[in-house]
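Me: Could you take a close look at the surroundings of the ligand, and then set that part in the context of the rest of the chain? I would like a careful, connected account rather than a list.

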Amino acid sequence: MFSSLYSKSTVSQMIMSSPSQNIFEAAIETSYLVLEYAMAELINNRHVMKKLQTKVRTFASSKGKKLDMITEEDLSSLPYLKATMKEALRLHPPGPLLLPHYSTADCNIDGYDIPAKTRILVNGWAIGRDPKAWERLEEFMPERFLQDGQEKSSNLGEDFKYLPFGSGRRICPGANFALATMEIMLVNLMYHFDWEVPNEKEGTGGKVSMAETFGLMLRRNEKLYLVPRIV
Ligand code: HEM
């Protein structure tokens with residue numbers, strides 16, 4: 001019923017004509033933006049960062065030695081890490097309006113008539129903050145994606161309330177790759193370092209601004225500067 005406006009033209013043409021550049025753009029900028037948001041949310045919610053670090057470091061010490069890197073094989077043992085990444089994506093999807101879609105026939109969705117040949121923009125950002133779908137929606141609360149400490153489900157587009165990667169036929173084909181890449185980066189940042197804002201007095205828990213710029217991509221207004229301390 002819907003096709004992505006970019007499906008035949010922009011995306012495939014771009015991928016065909018310059019595969020490395022465009023796949024890398026889809027992969028790197030989105031992943032980097034989400035990682036920056038995750039770090040910003042964690043610094044502003046120190047109780048979540050502490051909990052995540054405790055889970056990660058407890059897991060690592062169960063291996064009996066200091067690890068150089070936590071690797072992809074370890075990710076499935078870290079549901080709180082996965083939930084943290086999902087929560088960052090719920091609040092800060094890098095593509096807030098997904099990609100434009102185009103109706104190829106008349107249809108009715110949820111009571112709304114959509115004529116053929118209509119350009120559709122899905123506001124994934126607003127859906128991730130819909131009070132009908134999410135409790136305490138402004139809070140950074142990875143626990144909402146867990147049940148008894150384990151992942152509830154993959155949550156990737158299945159119930160139309162969590163759409164950072166879109167849904168259905170045109171769901172982002174890089175979703176699992178992107179999640180694994182971001183999780184590996186975040187888990188190692190949490191494992192090896194403690195974090196604070198520049199010039200923070202011990203125990204004061206300084207915060208960073210979450211002001212953002214809306215556009216095709218959602219990004220923070222300010223560059224994120226944090227100070228790492230090796231642990
Ligand atoms: C945090 C990282 C990423 C996010 C949030 C993201 C999000 C999205 C979204 C929302 C769409 C549109 C889905 C729709 O129209 O319903 C999309 C499409 C796409 N993404 Fe991603 N993406 C990410 C990373 C990646 C990576 C790592 C790759 C490739 C390695 C990739 C490749 C693509 C491609 C090729 C499409 C077009 C798919 C189509 O039209 O059939 N993305 N992505």
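Reply: Buried residues make up 24% of the 231 residues in the protein chain, and I should say at the outset that this is a predicted model. The chain contains six helices and 11 strands. If one takes its contacts between residues at least 6 apart in sequence, 72% of them join residues at least 24 apart.

Turning to the part you asked about, the ligand is surrounded by 25 residues, of which the closest are Ala 27, Thr 30, Gly 166, Cys 172 and Gly 174. By class, this shell consists of 16 nonpolar residues, eight polar ones and one that is charged. Three helices, α1 (5–17), α2 (19–44) and α6 (175–192), each provide at least two residues of the shell, and α2 gives the largest share, with six residues.

Among the closest residues, Cys 172 deserves separate attention, for it is covered by the annotation "binding site" in the unreviewed UniProt entry. Cys 172 is located in the loop between β7 (150–151) and α6, and α6 is itself one of the helices that supply at least two residues of the shell. Cys 172 counts as partly exposed because it has 19 C-beta neighbours inside 10 Å, whereas a buried residue would need 20 or more. When residues up to four places away in sequence are left aside, Cys 172 touches Phe 165 and Gly 166, and Gly 166 is also listed among the residues closest to the ligand.

Away from the ligand, helix α3 (residues 46–61) packs with helix α4 (residues 79–91) at an angle of about 145°, the two axes lying 9 Å apart, and α3 passes α4 in a left-handed crossing. On the α3 side the contact is made by Val 48, Lys 51, Leu 52, Lys 55 and Val 56, and on the α4 side by Tyr 80, Leu 81 and Thr 84. Sorted by class, the residues of this contact comprise five nonpolar, one polar and two charged.

The loop between α3 and α4 holds both Ser 62 and Thr 71. Thr 71 has 11 C-beta neighbours inside 10 Å and therefore counts as exposed; Ser 62, with 8 such neighbours, counts as exposed too. Although Thr 71 and Ile 184 are 113 residues apart along the chain, their C-alpha atoms are separated by 6.5 Å. For Ser 62 and Pro 115, which are 53 residues apart along the chain, the separation of the C-alpha atoms is 58 Å.

Two aspartates call for a remark on backbone geometry. Most residues other than glycine have a negative phi. Asp 110, however, has a phi near 55°, and Asp 148 has a phi near 50°, each of these being a positive value in a residue other than glycine. Asp 110 is found in the loop between β3 (107–109) and β4 (112–114), while Asp 148 lies in the loop between β6 (146–147) and β7. Asp 110 counts as exposed because it has 5 C-beta neighbours inside 10 Å, and Asp 148 is likewise exposed, with 6 other C-beta atoms within 10 Å.

Key. Residues numbered from 1 in each chain as written. Predicted model: local features only at pLDDT ≥ 70, side-chain atom pairs only at ≥ 80, totals over all residues. Axes fitted to C-alpha atoms, helices over the stretch in contact; angles between N-to-C directions. Helix = DSSP H or I, 4+ residues; strand = E, 2+ residues; numbered from the N terminus. Left-handed = near helix turned anticlockwise from the far one by under 90°. Contact = placed C-beta atoms within 7 Å. Nonpolar A, V, L, I, M, F, W, Y, C, P; charged D, E, K, R; others polar. Near = placed C-beta within 6 Å. UniProt positions renumbered as here; feature names shortened; annotations may be inferred. Buried ≥ 20, exposed ≤ 12 C-beta atoms within 10 Å, placed from the backbone.
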